[in-house]
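Let's take a walk through this one together. Have the viewer open and follow along.

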Amino acid sequence: MAPAALRDDRIRSVIDRLRLEAAGDAARMRIARPAAEARVLDPEARAEERVEIFMAIAPATGSLCYQLIRARRPALVVEFGTSYGVSTVYLGAAVRDNGLGRVVTTELSRAKAAAAADNLADAGLEAQVQVLCGDARETLTEIRTPVGFLFLDGWKELYLPVLRILEPWLEDGALIVADDTSFEVLGDYLSYVRDPRNGYESTPLAMDDGIELTCRTVT
Ligand SMILES: C[S@@+](CC[C@H](N)C(=O)[O-])C[C@H]1O[C@@H](n2cnc3c(N)ncnc32)[C@H](O)[C@@H]1O
């Protein structure tokens, strides 16, 4: 029996290396503009200002996404907010272990998108993952096939617009994981997915900075 991809030496060593590099975020964050203030910048300028900051998901969030993708076996996984690809490695590993499907991830910063593509290649996941460079509100309009799993981790005020762009393509039973839901700016997103009239069933999970797990219940 082959080891689950997350225990594969190549994938493990990329995750370990990226986590070591991301550990420098605490110092980088101290000299960066606070998130609330940075919101005055347009999304692209903010991405350039934060180009050296990983803002990577917690290991438990990666594991949760891996488990949900293994269970749901989606043909298409979409990620909003790649950064250096820490979360994307978990998504790609799950797709690889399923033996079906692919991941499309999108990142605004050209430098980060290029580095993420290199990291995914180092992990041996280049066949499973396509990295799109550009604003998700444009790049994700290219999606024209059903989406079974969506991971939201870009700039927080864009979760709802990105969800609405992909909504026509969400399969019945599609899962959506939104990260950092304790941020006040996510109020509109949470109100939307928690209102059953919009066709979702949604549950807050007390993990890291808050996770919202949402299921598309109508198509
Ligand atoms: C929190 S980080 C993502 C961390 C990543 N998911 C991980 O776990 O390693 C958010 C990223 O989203 C990117 N981003 C923000 N707004 C975006 C947009 N409109 N389109 C594409 N990427 C965007 C930022 O440049 C930043 O790198």
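What follows goes from the ligand site to two helix pairs.

Keep in mind that this is a predicted model. Start at the ligand, which has 23 residues around it. The closest of them are G81, S87, E107, A136 and D153. S87 is worth zooming in on, since a polar atom of its side chain sits 2.7 Å from a ligand nitrogen. D135 also points a polar side-chain atom at a ligand nitrogen, at 3.0 Å. For K112, the partner is an oxygen of the ligand, 2.9 Å from an N or O atom in the side chain.

Now for the helices. Two packed helices are described by the angle between their axes and the distance between those axes. Take helix α5 (residues 59-72) and helix α6 (residues 86-98): their axes are 8 Å apart, at an angle of about 25 degrees. Angles under 35 degrees count as roughly parallel, so that is how α5 runs relative to α6. Their crossing is right-handed. On the α5 side, P59, G62, S63, C65, Y66, I69 and R70 make the contact, and α6 answers with Y90, L91, A93, A94, V95, D97 and N98. Sorted by class, that contact has nine nonpolar, three polar and two charged residues.

The other pair is helix α1 (residues 9-22) with helix α7 (residues 110-122). Here the axes come within 8 Å and cross at roughly 145 degrees. R10, V14, R17 and L18 of α1 meet N119, A121 and D122 of α7. This contact divides into three nonpolar, one polar and three charged residues.

Methods. Residues are numbered from 1 along each chain as its sequence is written. This is a predicted model: local features need pLDDT of at least 70, side-chain atom pairs count only at pLDDT 80 or more; totals for chains, interfaces and linings use all residues. Side-chain values use heavy atoms; hydrogens and water are left out. Axes are lines fitted to C-alpha atoms, for helices over the stretch in contact, and angles run from 0 to 180 degrees between N-to-C directions. Helices (H or I, at least four residues) and strands (E, at least two) are DSSP runs, numbered from the N terminus. Angles under 35 degrees count as roughly parallel, over 145 as roughly antiparallel, 65 to 115 as roughly perpendicular and the rest as oblique. A crossing is left-handed if the near helix is turned anticlockwise from the far one by less than a right angle, and right-handed if clockwise. Contact means heavy atoms within 4.5 Å. Ala, Val, Leu, Ile, Met, Phe, Trp, Tyr, Cys and Pro count as nonpolar, Asp, Glu, Lys and Arg as charged, and the others, Gly among them, as polar. A residue is near a molecule or strand if one of its heavy atoms lies within 4 Å of it. A polar contact is a pair of N or O atoms within 3.5 Å; within protein, one must be able to donate a hydrogen and the other to accept it, and residues adjacent in sequence count only if both atoms are side-chain atoms.
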